[in-house]
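Me: I am new to this structure and would like to learn how to read its features one at a time. Could you take me through them?

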Amino acid sequence: MGSLFLPFGALSDRFLCMGMTPYPGAPGLVSLWPSSGCPPPVAGLRLQDNGLTRPNKQLAFGSEHFSFFFFCFSTDTFEPICVKCLVLGQVRDRRWLVLAIAMVRFYMEKGTHKGLYKSVQKTLKFFQTFALLEIVHCLIGIVPTSVIVAGVQVSSRIFMVWLVTHSIKPIQNEESVVLFLVSWTVTEITRYSFYTFSLLDHLPYFIKWARYNFFIILYPVGVAGELLTIYAALPYVKKTGMFSIRLPNKYNISFDYYYFLLITMASYIPLFPQLYFHMLRQRRKVLHGEVIVEKDD
Ligand SMILES: CCCCCCCCCCCCC/C=C/C(=O)SCCNC(=O)CCNC(=O)[C@H](O)C(C)(C)COP(=O)(O)OP(=O)(O)OC[C@H]1O[C@@H](n2cnc3c(N)ncnc32)[C@H](O)[C@@H]1OP(=O)(O)O
């Protein structure tokens, strides 16, 4: 029994790891014990070593309030694999599922999108801010995803959540907010289901297909939602001068949030196609087995 900071370097052989967190994806206590004679079938899935240096199998289950997870790994390298599993948070699909259910329930009860953002904003801000960890994963090499691709994707969403939708209350009931909320949610449920089932080596074709097809529609829809929301915010930002710094001031600097928003909107023109074509290349590679040599970002 130990905490997250067990001396991984001192371990050898295979280990089964079991953890419990206060809520899905949060850090929590982890128990480790040698897997020999130990790994039982977990929820019908047999954990077995397949010689990978990343977690061989991982399974997470629980409720909205806490989460259990099991995984089995080999320590033939001294990579902190357990930490890797924890921070990768394969339960994120369920966190986004919580958001999806909250949105559907709200719409069924109220019959309107007005007030939807307000009702899900805490959950959204929490999950989306946690997505910053994705950039950290790329930076420290836990996942092979391009830092630039993940960085643009995550930072644009964080920007939308905190500096646009959270900060500019009059736009929170715009239909465009629903557009990006729905496309982000469906995308993340699919994406994290894909990662989870891939790690389990039981990837249903539908999940794989969905991961590499849904984006064809959801990406433009999400981006349209984001751009329309920023556009709707412009008059308010201009009128209030929010987040702007006017001259004269003692630092002799000026900043105009209105123009910053315009520049951000313009930056979608070169950046979005890069992300979209990246996904189209991934699609050809994963679904059609094409060998694609990508330029280093
Ligand atoms: C300050 C203001 C800045 C503003 C900037 C403005 C400009 C913005 C321009 C554009 C903005 C776009 C905004 C986006 C909006 C939306 O999201 S709309 C909704 C639709 N969105 C999508 O469909 C997103 C699709 N895109 C992606 O999924 C991504 O591009 C990606 C996730 C960032 C990268 O995908 P990809 O290159 O395919 O890599 P990965 O999926 O990460 O896979 C690489 C390998 O790594 C493994 N892996 C990754 N993460 C995990 C994990 N958590 N657990 C386990 N494994 C993981 C993965 O399995 C792959 O492994 P291999 O298969 O072995 O290679």
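Me: Where does helix 8 bend, and by about how many degrees?

Reply: A bend is read as the angle between two axes, one fitted to the seven residues ending at a position and one to the seven starting there. In this predicted model, helix 8 bends by about 35° at L234, and the proline P235 follows within four residues. Helix 9 can be read in the same manner: a kink of about 40° lies at I269, shortly before the proline P270.

Me: How many residues does helix 8 have, and how far does helix 8 reach from its first C-alpha to its last?

Reply: The general idea is to set the distance between the end C-alpha atoms beside the span expected at 1.5 Å a residue. Helix 8 has 27 residues and reaches 39 Å, close to the 39 Å expected. For helix 9, the 32 residues should span 46 Å at 1.5 Å a residue, and since the end C-alpha atoms are 44 Å apart, the two values agree. After helix 8 comes G241, with a positive phi near 65°, and after helix 9 comes G289, whose phi is likewise positive, near 65°.

Me: Which residues of helix 8 are buried, and what do they pack against?

Reply: Burial is judged by counting neighbours, and a residue is buried if 20 or more other C-beta atoms lie within 10 Å of its own. In helix 8 the buried residues are F215, G222, G225, E226, T229, I230, A233 and V237, and they pack against helix 5, helix 6 and helix 9. T229 serves as a worked case, for it has 22 C-beta neighbours inside 10 Å and therefore counts as buried. Leaving aside neighbours within four places in sequence, T229 is in contact with several residues, including M160, V164, I171 and F180. The C-alpha atoms of T229 and I171 are separated by 7.0 Å, although these residues are 58 apart along the chain.

Me: Is D201 buried or exposed, and what is its phi?

Reply: D201 has 12 C-beta neighbours inside 10 Å, so D201 counts as exposed. Its phi is near 60°, a positive value in a residue other than glycine, and its place is in the loop between helix 6 and helix 7. F243, in the loop between helix 8 and helix 9, also has a positive phi, near 55°, but F243 is partly exposed, because 15 other C-beta atoms lie within 10 Å. The loop between helix 8 and helix 9 also holds P248, which a cis peptide bond joins to L247, with omega about -5°.

Me: Which residues come nearest to the ligand, and which helix supplies the largest share of the shell around the ligand?

Reply: A shell is read by listing the residues around the ligand and then asking which elements they belong to. Of the 33 residues around the ligand, T145, Y195, F215, G222 and L271 come nearest. Helix 5, helix 6, helix 8 and helix 9 each supply at least two residues of this shell, and the largest share, nine residues, comes from helix 9. By character, the shell divides into 19 nonpolar residues, 13 polar ones and one charged.

Me: Which residues does UniProt list for "transmembrane region"?

Reply: A record of this kind can be set beside the model, span by span. The unreviewed UniProt entry lists residues 131–156, 212–237 and 257–277. In the model, residues 257–277 are 100% helix, with end C-alpha atoms 30 Å apart, whereas residues 131–156 are 73% helix, with end C-alpha atoms 11 Å apart.

Notes:
Residues are numbered from 1 along each chain as its sequence is written. This is a predicted model: local features need pLDDT of at least 70, side-chain atom pairs count only at pLDDT 80 or more; totals for chains, interfaces and linings use all residues. A residue is near a molecule or strand if its C-beta atom, placed from the backbone, lies within 6 Å of it. Ala, Val, Leu, Ile, Met, Phe, Trp, Tyr, Cys and Pro count as nonpolar, Asp, Glu, Lys and Arg as charged, and the others, Gly among them, as polar. Two residues are in contact if their C-beta atoms, placed from the backbone, lie within 7 Å. UniProt positions are given in the numbering used here, feature names are shortened, and annotations may be inferred rather than shown by experiment.
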